[in-house]
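Visitor: Could you take me in for a close look at one pocket of this protein, and then at some of the aromatic rings elsewhere in the chain? I'm new to this, so please go step by step.

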Amino acid sequence: MKHPKNDDLYKGLKVNKGVADAPTVNPYLKKRLRRTEYTPAEFVEGILKGNITILSQAVTLVESARQEHQQVAQEIIEKCLPYAGNSIRIGITGVPGAGKSTSIDAFGMQLLNEGKKLAVLAIDPSSERSKGSILGDKTRMEELSREKNAFIRPSPSAGSLGGVARKTRETIVLCEAAGFDSVFVETVGVGQSETAVHSMVDFFLLIQLAGTGDELQGIKRGIMEMADGIIINKADGDNIEKANLAASQFWNALHLFPMPDSGWTPKVLTYSGYYKLGIKEIWDMVNEYVAFTKQNGYFSLKRNKQAKYWMYESINDTLRDTFYHNPAVEGLLKETERKVLNNELSSFIGAKQMIDVFLNDLSCK
């Protein structure tokens with residue numbers, strides 16, 4: 001269209017036509033393909049064939065809070081269960097900064113070089129404020145992340161270690177069905193996560209540091225009693241002498257504890273995850289433990305105890321979820337909470353009243 005200012009009435013003035021508007025969508029951008037929707041049977045078939053993409057999508061369903069996703073996930077897990085249980089499950093814990101991710105990278109490469117297939121399930125702490133997680137463990141496992149026989153899956157704790165632990169246990173089943181014969185479960189490294197992870201693994205490995213002035217913290221009861229092996233990281237350079245000293249301190253401390261039910265005496269070793277020193281000796285210790293516990297029957301006994309433990313944990317989770325989503329409870333919960341905060345009711349009486357409402361509602365149905 002001719003611009004009015006280019007009319008003969010405006011001699012000496014010329015207005016250029018300009019350029020056409022750019023398209024709002026990048027023409028070079030390829031059309032994004034929608035994720036393929038699989039049936040539970042197709043998920044199971046893909047998992048049993050070792051398809052990592054399908055395995056990852058199945059794990060996403062396991063971690064999802066949506067009811068329809070949980071129904072599909074439970075069906076997949078049930079069908080994969082007969083093919084699970086053939087791996088060695090190893091829990092790895094230690095204080096933040098102990099070098100868990102770097103060590104897992106070194107441990108994993110040792111296993112892959114032996115022809116194994118490894119799944120790494122890392123529980124990543126979530127922010128109490130933003131509720132988000134960095135999920136950056138994979139970036140610190142530089143070598144493993146490039147290997148086709150390694151599957152690394154970080155999961156957010158989302159403020160509930162019990163919930164993520166249950167989902168991690170279900171993920172172990174899927175990974176074992178996919179053919180992974182070794183499974184690492186890395187803990188958050190603080191608080192109750194060690195207890196949750198200990199209840200789902202065969203061997204519990206505690207990573208410690210030397211020369212930090214914190215040896216006494218590691219000797220405290222609890223975490224030491226759960227450990228089947230203690231390893232002192234960063235035993236290299238000028239730190240070798242300190243690492244050996246720390247190892248002797250931990251070794252002496254272990255003699256103060258009663259003999260574990262397994263009959264196995266935990267060992268203390270030193271190594272360097274960064275320089276990959278002493279890695280083989282650690283795996284010799286793990287293999288020795290597995291052979292020892294399988295021979296005396298503790299290996300299968302422990303797995304049976306764990307299965308029983310998680311059955312009751314699932315019952316507790318289901319009851320809790322059913323209680324809070326009950327319409328009668330939802331209608332009175334805020335009012336009861338207000339009375340407790342205003343000192344009109346004690347916490348215990350308020351709780352009993354809500355449970356009575358819940359049970360009465362169930363009995364009427």
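**A pocket and some rings**

Guide: Let's start with helix 11, which supplies 5 residues to the lining of the second largest pocket, the largest share of that lining. Keep in mind that we're looking at a predicted model. The second largest pocket has a volume of about 580 Å³. Its lining has 24 residues, and the closest to the pocket's centre are E225, P260, D261, S262 and Y298. Two elements give two or more residues to this lining: helix 8 (223-226) and helix 11 (298-324). Sort the lining residues of the second largest pocket by character and you get 13 nonpolar, 6 polar and 5 charged.

Now for the rings. With centres within 6.5 Å as the rule for a pair, the count comes to 12 aromatic pairs. Take F151 and F180: their ring centres are 6.1 Å apart and their planes meet at 35 degrees, so this pair is tilted. Where do these two sit? F151 belongs to strand 3 (residues 150-156), while F180 is in the loop between helix 5 (161-177) and strand 4 (182-186), so the pair ties together parts that are 29 residues apart in sequence. Are they buried or exposed? F151 has a relative accessibility of 4%, so it counts as buried, and F180 is buried too, with a relative accessible area of 2%.

Next, try W264 and Y289. This aromatic pair is edge-to-face, with 5.4 Å from centre to centre and 85 degrees between the planes. The pair links distant parts of the chain, 25 residues apart: W264 is in the loop between helix 9 (240-254) and strand 7 (267-270), and Y289 is in helix 10 (residues 279-296). Both W264 and Y289 are buried.

Rings can also gather in a group. Here F107, F184, Y271 and W283 are linked into a cluster by ring pairs.

Finally, let's go back to F180, because it has another partner besides F151: the charged end of K117 sits over the F180 ring, 4.8 Å from the ring's centre. You'll find a similar arrangement at F299, where the charged end of K294 sits over the ring, 5.0 Å from its centre.

Note on methods
Residues numbered from 1 in each chain as written. Predicted model: local features only at pLDDT ≥ 70, side-chain atom pairs only at ≥ 80, totals over all residues. Heavy atoms only, no water. Phe/Tyr/Trp six-rings, centres within 6.5 Å; stacked < 30°, edge-to-face > 60°. Helix = DSSP H or I, 4+ residues; strand = E, 2+ residues; numbered from the N terminus. Buried < 20%, exposed > 50% of the residue type's maximum accessible area, 1.4 Å probe, protein only. Lys NZ or Arg CZ within 6 Å of the ring centre and 35° of its normal. 1 Å grid on protein atoms, 1.4 Å probe; cavity = no way out; pocket = protein on both sides within 12 Å on 5 of 7 lines; lining within 4 Å. Points joined across faces, edges and corners; volume = space filled by probe spheres on them. Nonpolar A, V, L, I, M, F, W, Y, C, P; charged D, E, K, R; others polar.
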